[in-house]
Amino acid sequence: MESATETRIRETEQTGVVRRRYDRIAPLYDCLEAPMERLWFGAWRRRIWSVIKGDRIIEVGVGTGKNLPFHPRDRVVVAVDLSERMLARAKRRAAASGIPVELTVMDVQSLAFPDGSFDTAVGTFVFCSVPEPRRGLVELRRVLRPGGKLILLEHVRADGRWAGRLLDGLDPIVSRLVGAHVNRRTVATVAESGFRLERVESLNRLVRLIEARNPES
């Protein structure tokens, strides 16, 4: 059986691998996703941010800052990312457009904020890449106030038997190339992390809009 020390070393190594992958692809990231942004992602991002409530918001996995144009200007938004090179591009985007946001290099699996710091947590296509997604979600529960809202836009494993098996087979290749896993069961992981699921909407066969609440007791 793996000891606690061995587990922590393994998790640290996995996090380092993900960080290096995203540092590597940062210069090409926006170009690679441009077709999907135009067809689907951009509209989904706008829709999510149009219904965000609360005075203090944390965005995890801000990446190159594709959500920045949709951030509410009259509230405090803190955005974090594991990759320094991805975050550098987000900082340039924020500066060019005058968007008020606090951008910080930070791992969602170990957030440097006190308990109950935020009213709402948002992530778009993030937990497909987090090495230990349940650990990251537990951290988000910690920094959310009781009753706080979690909103995620996530790639998930397809429900169909054969489609799911196909994604299982492709996952090692895709995750090695771009860092994202294509067969995560993120809806179940959100519930297992202690959140109360409020709504799960299928936007297509692989993408889910997940709304959940940090229980008040």
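The legends below describe views of a predicted model of one protein chain.

**View 1. Overall fold of the chain, with five helices and seven strands.** Read from the N terminus, the elements follow the order α-β-β-α-β-β-α-β-α-α-β-β. The C-alpha atoms occupy a box of roughly 45 × 45 × 35 Å along the principal axes. The radius of gyration is 17 Å, which agrees with the value near 17 Å for a compact globule of 217 residues. Of the contacts with a separation of 6 or more, 68% join residues 24 or more positions apart.

**View 2. Surface and charge of the chain.** The accessible surface is about 11000 Å², and carbon and sulfur atoms contribute 54% of that area. Of the 217 residues, 49% count as buried. The chain carries 37 positive and 28 negative side chains; the centres of these two sets are 4 Å apart.

**View 3. The aromatic pair F41 and F125.** The chain holds four aromatic pairs. In one of them, F41 and F125 are tilted, with 4.4 Å from centre to centre and 35 degrees between the planes. This pair links distant parts of the chain: F41 belongs to helix α1 (residues 4-50), while F125 lies in the loop between β4 (118-124) and α3 (133-143), 84 residues apart. Both F41 and F125 are buried. Together with W44, F41 and F125 form one aromatic cluster.

**View 4. The aromatic pair F113 and F118.** F113 and F118 form an edge-to-face pair. Their ring centres are 5.1 Å apart, and the planes meet at 90 degrees. F113 is buried, as is F118.

**View 5. Surroundings of L167 in helix α4.** Helix α4 spans residues 161-178 and contains L167. The relative accessible area of L167 is 11%; L167 is therefore buried, the cut-off being under 20%. With neighbours within four places in sequence set aside, L167 is in contact with V156, R157 and A158, and also with V182, N183 and L206.

**View 6. The separation of L167 and G98.** In sequence, L167 and G98 are 69 residues apart. In space, the distance between L167 and G98 is 40 Å, C-alpha to C-alpha. For orientation, L167 is the residue of helix α4 shown in the preceding view.

Key. Residues numbered from 1 in each chain as written. Predicted model: local features only at pLDDT ≥ 70, side-chain atom pairs only at ≥ 80, totals over all residues. Heavy atoms only, no water. Helix = DSSP H or I, 4+ residues; strand = E, 2+ residues; numbered from the N terminus. Rg over C-alpha atoms; globule rule 2.2 N^0.38 Å. Buried < 20%, exposed > 50% of the residue type's maximum accessible area, 1.4 Å probe, protein only. Contact = heavy atoms within 4.5 Å. Areas by Shrake-Rupley, 256 points an atom, 1.4 Å probe, with all protein chains shown as cover. Lys, Arg positive; Asp, Glu negative; His and termini not counted. Charge placed at Lys NZ, Arg CZ, Asp CG, Glu CD. Phe/Tyr/Trp six-rings, centres within 6.5 Å; stacked < 30°, edge-to-face > 60°.
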